[in-house]
Amino acid sequence: QVQVEESGGGLVQAGGSLRLSCAASAPITRITLVEWYRQAPREQRKLVATIDNKGNTAYANSVKDRFTISRDNAKNMVYLQMNSLTVEDTAVYYCRVMSPGPNWGQGTQVTVSS
């Protein structure tokens, strides 16, 4: 069982920035893909960004050019830098680590105020 823990959420004003962190207990060599999802109240969980073990990234259209996903292999960490936040970005953000099966964290709340 791989332990996954998100951190870095909080309350921020619109236009501000936050950086989320995802820590995984699995050795980096076992991690094939890391994904960030988010779930707003009364909505389904949606994919936000992905990064594979070669560093290739992909983003949802709604966050492209505002969010950046990155990884630090030495620390077994993946980050989600979120800039120019809007109230529509308010959600619980989850990290999913494929190692090789899926492992979810508990999520971290991001609240953007107008």
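Strands S4 and S5 run antiparallel and are joined by six bridges, where strands are DSSP runs (E, at least two residues) numbered from the N terminus, and two strands are taken to pair if DSSP finds at least two bridges between them. The model is a predicted one, in which local features need pLDDT of at least 70 and side-chain atom pairs count only at pLDDT 80 or more, while totals for chains, interfaces and linings use all residues. Residues are numbered from 1 along each chain as its sequence is written, and side-chain values use heavy atoms, with hydrogens and water left out.

Within the pairing of S4 and S5, Arg 38 stands opposite Lys 46 in S5. The two strands form a hairpin with six residues between them, and in that turn Arg 42 has a positive phi of about 65 degrees. Strand S4 also pairs with S9, to which it is joined by seven bridges, again in an antiparallel arrangement; here the bridge partner of Glu 35 is Arg 96 in S9. Five of the seven residues of S4 are buried, so this strand is largely enclosed by the rest of the structure; buried means under 20% relative accessible area, exposed means over 50%, and partly exposed lies in between (1.4 Å probe, protein chains only).

Another part of the fold is an open sheet of four strands, in the order S1-S3-S8-S7, with antiparallel pairing. Its edge strands are S1 (4-7) and S7 (67-72), each of which pairs on one side only. From one strand to the next the twist averages 15 degrees, with axes given by lines fitted to C-alpha atoms and angles running from 0 to 180 degrees between N-to-C directions. Four bridges join S1 to S3 (residues 18-24), and these two strands run antiparallel; Glu 5 has Ala 23 in S3 as its bridge partner.

What lies in the interior can be described through the largest nonpolar core, which has 28 residues. Such a core is a set of buried Ala, Val, Leu, Ile, Met, Phe, Trp, Tyr and Cys residues joined through side-chain atoms within 4.5 Å. The residues with the most contacts inside this core are Trp 36, Phe 67, Leu 80, Met 82, Tyr 93 and Val 97. The elements that give two or more residues to the core are S3, S4 (33-39), S5 (46-52), S7, S8 (77-82), S9 (91-98) and S11 (108-113). Leu 80 shows how parts of the chain come together: leaving aside its neighbours within four places in sequence, this residue is in contact (heavy atoms within 4.5 Å) with residues that include Leu 18, Leu 20, Trp 36, Val 48, Phe 67, Ile 69 and Tyr 93.

A search of the whole structure finds one disulfide, a term that stands for a pair of cysteine sulfur atoms within 2.5 Å. The disulfide joins Cys 22 to Cys 95, with an S to S distance of 2.0 Å. This pair links distant parts of the chain, with Cys 22 in S3 and Cys 95 in S9, 73 residues apart. The link is left-handed, with -75 degrees about the S-S bond, and both Cys 22 and Cys 95 are buried.

Strands S4 and S9 also take part in aromatic pairing. Rings of Phe, Tyr and Trp (its six-membered ring) pair if their centres lie within 6.5 Å, and planes under 30 degrees apart count as stacked, over 60 as edge-to-face and the rest as tilted. By this rule the count comes to two aromatic pairs. Tyr 37 and Trp 104 form a tilted pair, 5.0 Å centre to centre and with 55 degrees between the planes; Tyr 37 lies in S4 and Trp 104 in S10 (residues 102-104), 67 residues apart. Tyr 37 counts as buried because its relative accessibility is 12%, whereas Trp 104, at 32%, counts as partly exposed. The rings of Tyr 94 and Trp 104 have their centres 6.4 Å apart and their planes at 85 degrees, so this pair is edge-to-face. Tyr 94, in S9, lies 10 residues from Trp 104 in S10, and Tyr 94 is buried, with a relative accessible area of 12%. Ring pairs thus link Tyr 37, Tyr 94 and Trp 104 into a cluster.

Strand S9 is also the place of Met 98, which is buried with a relative accessible area of 16%. Met 98 and Arg 30 are 68 residues apart in sequence and 8.3 Å apart in space, C-alpha to C-alpha. Not counting residues up to four places away in sequence, Met 98 touches Arg 30, Ile 31, Thr 32 and Leu 33.
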